[in-house]
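Colleague: Could you walk me through the reasoning behind the labels you use for this model? I would like to see each value set against its cut-off.

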Amino acid sequence: MTAAAERTHDSATNDDVLAVAREQVLDRGVGLSEEQVLRVLRLGDDRLEDLLALAHEVRMKWCGPEVEVEGIVSLKTGGCPEDCHFCSQSGRFPTPVRSAWLDIPGLVEAARQTAATGATEFCIVAAVRGPDARLLSQVRDGIKAIRESGNDIQIACSLGMLTQEQVDELVAMGVHRYNHNLETARSHFPKVVTTHSWEERWDTLRMVREAGMEVCSGGIIGMGETDEQRAEFAVQLAELDPHEVPMNFLIPQPGTPYEQYEPIEGRDALRVVAAFRLALPRTMLRFAGGRELTLGDLGAEKGMLGGVNAIIVGNYLTNLGRPAQRDLDMLSDLKMPIKALSDSL
C-alpha cells in the first residue's frame, strides 16, 4: 500500500485522533505519543485543514501569539570532514561549495543587518565536526565586536559537537542558545551520517542543557525516512525537551548523495509540521531551510497558521531564502507580533 493510500485508509479508521489530540494536547498540554503522531501523519488530505487549525490552537494556547525572528550567518563555510549526506558543505563530496571564513567586520555587519529586520536572535554557524581553538577564538572576538558595536541582539551558536570545556567557554562568552540538530530519527541516522553517531549529538545537547544554555535541535524532513521514523523523531525531540526545534525540508544539493531526491510535497510538509506541534505543544517550532521550495504556492502562511511560531529570515547557509521583508510583511498581515528582546539583556 502506498503512503497516500495508507493515509486515505487511516483517515477512515482513525478519525478520532484529532479529538483525542484536542483533549490531550490542547486542553492538557500533553504531547502526542509516537503511535498517536503516526496516526496524525497518516491522516488524509481531507483532514489537513482540521489538523492545521488544531495545531494553530495548540500553538496559541501553549506558546502565545508572538513569533521569534532569527537570522543566521556562516562564520566558517565548507570543508567539513563529516559525511552528512544532505550537506553541500561536506568536504567528502564534489559539491560547488568551497571552504571560506568570514572576517570579524563581516560578522558584525551581518549581525547589524539581522537586528535591522527586527530579529531578536543571531546564530553564528560553522561547518565543522567541532570547534578548534582558532574557531572558538573567532567566535569570542566576533561576539565581543558585536557587543562593542552597540548591538544587543541575542547570540546563538552552531559549531558542531562539543566537549564539556568548550560548552563552558561558550557560556562564559554569553552565548544564549546552542543549535545542534539531531537531523532525523535515531533508527534512520546511520543512513544519513556514518562519520559520527546520533548518540554523540545527543551527548552535546545534554551538556548544553546542563550548562544552562537554551537547547535548539531539530532536523531535516525528506531524507528517505518513513512516516514511522518521522513519528519516532518527533517523540525523541520531545524527550530532549528543546527550547526550539528548527523544521528544515531537504533541498537536494548537487554533488551530495541526496542530489536526486525529490522535495517532499507541500501538504506532507504541512502535515509533518502540525504533527510535530502536537508532539511538542510548548516548544518553539521554527520554519527553516527548504520551506520556500517545499511549500511553493501553499505559502509559509499555511505553516504559520498550522503550528509554527518562529522563522528564519533572509538567506540560509548555502541556499537563498526569500527577502526578509516578505516574511515580516506576512507576519504583519497575519497580525502576529514579533517577539521582543529579552528584558534581561
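Modeller: Gladly, and let us begin with a cut-off: a residue is buried under 20% relative accessible area, exposed over 50%, and partly exposed in between. Please keep in mind that this is a predicted model.

Colleague: Then why is Glu183 called buried?

Modeller: Its relative accessible area is 7%, and buried means under 20%, so Glu183 counts as buried. Glu183 sits in the loop between strand E5 (177-179) and helix H8 (198-211).

Colleague: What is the phi of Glu183?

Modeller: Glu183 has a positive phi of about 75°, although it is not a glycine. Asp241 is another non-glycine residue with a positive phi, about 55°. Asp241 belongs to the loop between helix H9 (227-240) and strand E8 (244-249).

Colleague: What makes Asp241 partly exposed?

Modeller: Partly exposed is what lies between under 20% and over 50%. Asp241 has a relative accessible area of 48%, so the label is partly exposed.

Colleague: Let us turn to the annotated positions. Which residues does UniProt list together with Cys123 under "binding site"?

Modeller: The UniProt record, an unreviewed entry, places that feature at Cys123, Cys216 and Arg286.

Colleague: How do you know that they gather at one spot?

Modeller: They span 164 residues in sequence, yet no two of their C-alpha atoms are more than 13.4 Å apart, so they do gather at one spot.

Colleague: And why are Cys123 and Cys216 called buried?

Modeller: The cut-off for buried is under 20%. Cys123 has a relative accessible area of 5%, so it is buried, and Cys216, at 4%, counts as buried too. Cys123 is part of strand E3 (residues 121-126), while Cys216 is part of strand E6 (residues 214-216).

Colleague: What does each of them touch, beyond four places in sequence?

Modeller: For Cys123 the contacts are Glu70, Gly71, Ile72, Val73, Ala156, Cys157 and Ser158. For Cys216 they are Arg177, Tyr178, Asn179, His180, Leu205, Glu244 and Pro246.

Colleague: Val73 appears there as a contact of Cys123. What makes Val73 buried?

Modeller: Val73 has a relative accessible area of 14%, and the limit is under 20%, so Val73 is buried. Val73 lies in strand E1. The C-alpha atoms of Val73 and Phe122 are separated by 7.8 Å, with their positions 49 residues apart along the chain.

Colleague: Which other cysteines does the record name?

Modeller: UniProt, again in an unreviewed entry, lists Cys80, Cys84 and Cys87 for "binding site". Cys84 is in the loop between strand E1 (68-77) and strand E2 (100-101), and Cys87 is in the loop between E1 and E2 as well.

Colleague: Why is Cys84 called buried?

Modeller: Its relative accessible area is 9%, and with the limit at under 20%, Cys84 is therefore buried. Beyond four places in sequence, Cys84 touches Phe93, Val192, Val193, His196 and Arg201. Cys87, with the same neighbours left aside, is in contact with Phe93 and Thr256.

Colleague: Now the helices. What describes a packed pair?

Modeller: Two packed helices are described by the angle between their axes and the distance between the axes. Helix H3 (residues 34-41) and helix H10 (residues 266-279) pack at about 155°, with axes 9 Å apart.

Colleague: Why are H3 and H10 called roughly antiparallel?

Modeller: Angles over 145 degrees count as roughly antiparallel. H3 and H10 pack at about 155°, and they are therefore roughly antiparallel to each other. Val37, Val40 and Leu41 of H3 meet Arg271, Val272, Ala275, Leu278 and Ala279 of H10. By class, that contact has 7 nonpolar, no polar and 1 charged residues.

Colleague: And what makes H5 oblique to H6?

Modeller: Helix H5 (residues 104-116) and helix H6 (residues 133-148) pack at about 50°, with their axes 9 Å apart. Roughly parallel needs under 35 degrees and roughly perpendicular 65 to 115, so an angle in the gap counts as oblique. That makes H5 oblique to H6. H5 passes H6 in a right-handed crossing. Ile104, Leu107, Val108 and Ala111 of H5 make the contact with Gln138, Asp141, Gly142, Ala145 and Ile146 of H6. These residues divide into 6 nonpolar, 2 polar and 1 charged.

Methods:
Residues are numbered from 1 along each chain as its sequence is written. This is a predicted model: local features need pLDDT of at least 70, side-chain atom pairs count only at pLDDT 80 or more; totals for chains, interfaces and linings use all residues. Side-chain values use heavy atoms; hydrogens and water are left out. UniProt positions are given in the numbering used here, feature names are shortened, and annotations may be inferred rather than shown by experiment. Helices (H or I, at least four residues) and strands (E, at least two) are DSSP runs, numbered from the N terminus. Buried means under 20% relative accessible area, exposed over 50%, partly exposed in between (1.4 Å probe, protein chains only). Contact means heavy atoms within 4.5 Å. Axes are lines fitted to C-alpha atoms, for helices over the stretch in contact, and angles run from 0 to 180 degrees between N-to-C directions. A crossing is left-handed if the near helix is turned anticlockwise from the far one by less than a right angle, and right-handed if clockwise. Ala, Val, Leu, Ile, Met, Phe, Trp, Tyr, Cys and Pro count as nonpolar, Asp, Glu, Lys and Arg as charged, and the others, Gly among them, as polar.
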